[in-house]
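Open the model in a viewer and set the display to cartoon. The tour below says what to select at each stop and what is there.

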Amino acid sequence: MATAEEVAKAAERRDVRDRWLLSAPALLVIFLAATGPLLIVLVYSFLTPGAYGDVKWQFSPEAWLSVFMERDIFDDTLSLAGAHVTIFWRSIKLAVVTTLATLALGFPTAYFMATRSEKTRDLWLFLITIPFWTNLLIRTFAVLQIIRNEGIINTILLKLGIVSAPVQILYTDTAILIGMAYVYLPLMVLPVYASMEKLDFRLVEAGYDLYATRFKVLRKIIFPLVKPGVIAGSILVFIPALGAYVTPSVLGGGKNMMLSNLIELQFGQGRNWPLGSALSITVMIIVMVALLAYVRNAGKSGVRHG
Amino acid sequence: MASNFSIKHQPGFTAIAATCFVVLYLPIIVLVAYAFNAANSTSEWGGFSLRWFQSAWQNTQVIDATLRSFQIGAIAAVLATIFATMAALATTRTAPYPGLTFKYAAINQPLMVPEIVTGVALLIFFSRIKIFTGYSGLGYLIAAHTAFCIPFAYLPIRGRLENMDLTLERAAADLYATPWKTFRRVTLPLLWPGILAGLMLAFVISLDDVVITEFVKSGGQDTLPTYMLGQIRRGITPEINAISTAFLLLSVAIVTLFFFVSRKRD
């Protein structure tokens, strides 16, 4: 005869099975149309490019070599691929500077929002949320109209006589930077605000009681307490900035490529799908490293506060 | 003197915050203003006019792309929300069981990978399937959109479920309600605001997508954002401003609705 324990165990097993069945459709769709194809990209990165795009099913490490190297067409020697290194460097640099810029602007903004009265806080939050949910392409397009040669910035500069000819901002790295900082700013403000909202201002008061200056309070009390939000915000900005496609395509013109444009090129005119695949995997590895750093950091600070 | 000392004050922070809000909204305001420009280009102001809205309305490409965006968005959002609701029910209000962490990771996976990588991966995968089956309809876009909408729909539903304890469901079961009846009459009504929020979120996310759609679409399958991207690359007319303005209004309406639905606590 089944004991009570056995009955409970069977019920638990049934429960777990039901829970697997319930989550099966979501897991299946994500596997088929998001996760699974990533494995195919990995396979493709080790194949030979076909003459008209796609691949030949023949193993070749060439794509991975050409991520950072180029083969001399005459003597077959390998040297550092200048163009690829430049694009990698530009992408990482722009993503880092974008993250820092959004932090410099977003941190005070989140602080401002968190120190409002409880009722108005919701309004400020709403004002940050609207751009966040507004189409990224539309926001990039809005930036384009501001910074182009006939745009509002140049018109004002010309009218004031500060410059005699329009300043070329559009189609430069600066344009990409302005655009990314603009579109990703809410991604920084929201998590920082979430941490800031929970900030216990009695600690700040205690700091002042102990004769700390404003800056010292900011550095030694506020910043350490909201650090999880700052790290989350930085990750949320850095990842899409590194893989940004829309902003560099619209604001960078054809010349100032970022990684995503280089990848797109391999699947278009470049007709080098294996190289495009290897580049994609490289981007993913960089993102994974950033995420791991975040998880480890979040884990540590969780222990400290918990 | 001491009475003027505010512990919450930090020098310059309010000024930076004010700048941020102005900078966030100024480009959008300029964009909307130029949608009502009568002139032929966006470099000069030719007076107020609705002609660009009219021209967008008569542009069959714009209308086609808009309808396609809505069609994909609606189907993908509904599917994603149903699947996300089921997944949320399966992953909340339980003691940890084998595979639970895996499920969290799997459901959130689309958020962890840059869109360009997913786009490329789907381009390769779907191009194989296209050759194999000969089918090249909207199904690919719908599948792709459903997949990346699931984590977004999942978030508010899971949040709502975590705040619901099992007392009422247990009470229903004690009164001999079948599991299905308990779900229909107790769980679903309580969960409804979360489901609605998830649905709206998924719809907006689908409507906004550029990158994955750009890589997955076949010829003649432009959605509104990919159509606009093509136009912007070719040079701009106030018509794009008009389309953007209409799009913007729709997004703001959905966000406002979302804000109210997700704030509602009963």
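The stops run from the whole complex to each chain and then to the interface.

**Stop 1: the whole complex.** Show both chains. This is a predicted model, and the predictor gives the complex an ipTM of 0.89 and a pTM of 0.90.

**Stop 2: chain A.** Select chain A and hide the rest. Its secondary structure consists of 12 helices and four strands. Turn the chain to see its extent: the C-alpha trace spans about 95 × 75 × 35 Å along its principal axes. The radius of gyration of chain A is 25 Å, whereas a compact globule of 306 residues would have one near 19 Å. Of those 306 residues, 42% are buried. For contacts in chain A between residues at least 6 apart in sequence, 67% link residues at least 24 apart.

**Stop 3: the domains of chain A.** Colour residues 1-44 of chain A as domain 1 and residues 82-305 as domain 2, following the domain assignment. How many Å separate the centres of domain 1 of chain A and domain 2 of chain A? Taken over C-alpha atoms, the separation is 37 Å.

**Stop 4: chain B.** Now select chain B alone. Chain B has 11 helices and zero strands, so a cartoon view follows the pattern α-α-α-α-α-α-α-α-α-α-α along the sequence. The C-alpha trace of chain B spans about 80 × 70 × 30 Å along its principal axes. Its radius of gyration is 23 Å, against a value near 18 Å for a compact globule of 266 residues. In chain B, 42% of the 266 residues count as buried. Where contacts in chain B join residues at least 6 apart in sequence, 77% of them join residues at least 24 apart.

**Stop 5: confidence in chain B.** Colour chain B by pLDDT. The average is 90, and 97% of the residues score at least 70. Which elements of chain B have the lowest and the highest mean pLDDT? Helix 11 of chain B has the lowest, at 87, and helix 3 of chain B the highest, at 96. Where pLDDT is low, the predicted coordinates should not be read in detail.

**Stop 6: the interface.** Show both chains again. Here 68 residues of chain B are in contact with 67 residues of chain A. On the chain B side, the elements that give two or more residues include helix 1 (13-35), helix 3 (60-91), helix 6 (139-162) and helix 8 (179-208) of chain B. Select helix 1 of chain B last: this helix gives the most to that side, with 12 residues. By class, the side of chain B that touches chain A has 52 nonpolar, 12 polar and four charged residues.

Methods
Residues numbered from 1 in each chain as written. Chains lettered and ligands numbered in written order. Predicted model: local features only at pLDDT ≥ 70, side-chain atom pairs only at ≥ 80, totals over all residues. Contact = placed C-beta atoms within 7 Å. Nonpolar A, V, L, I, M, F, W, Y, C, P; charged D, E, K, R; others polar. Domains from an automatic or database assignment. Rg over C-alpha atoms; globule rule 2.2 N^0.38 Å. Buried ≥ 20, exposed ≤ 12 C-beta atoms within 10 Å, placed from the backbone. pLDDT = per-residue confidence, 0-100.
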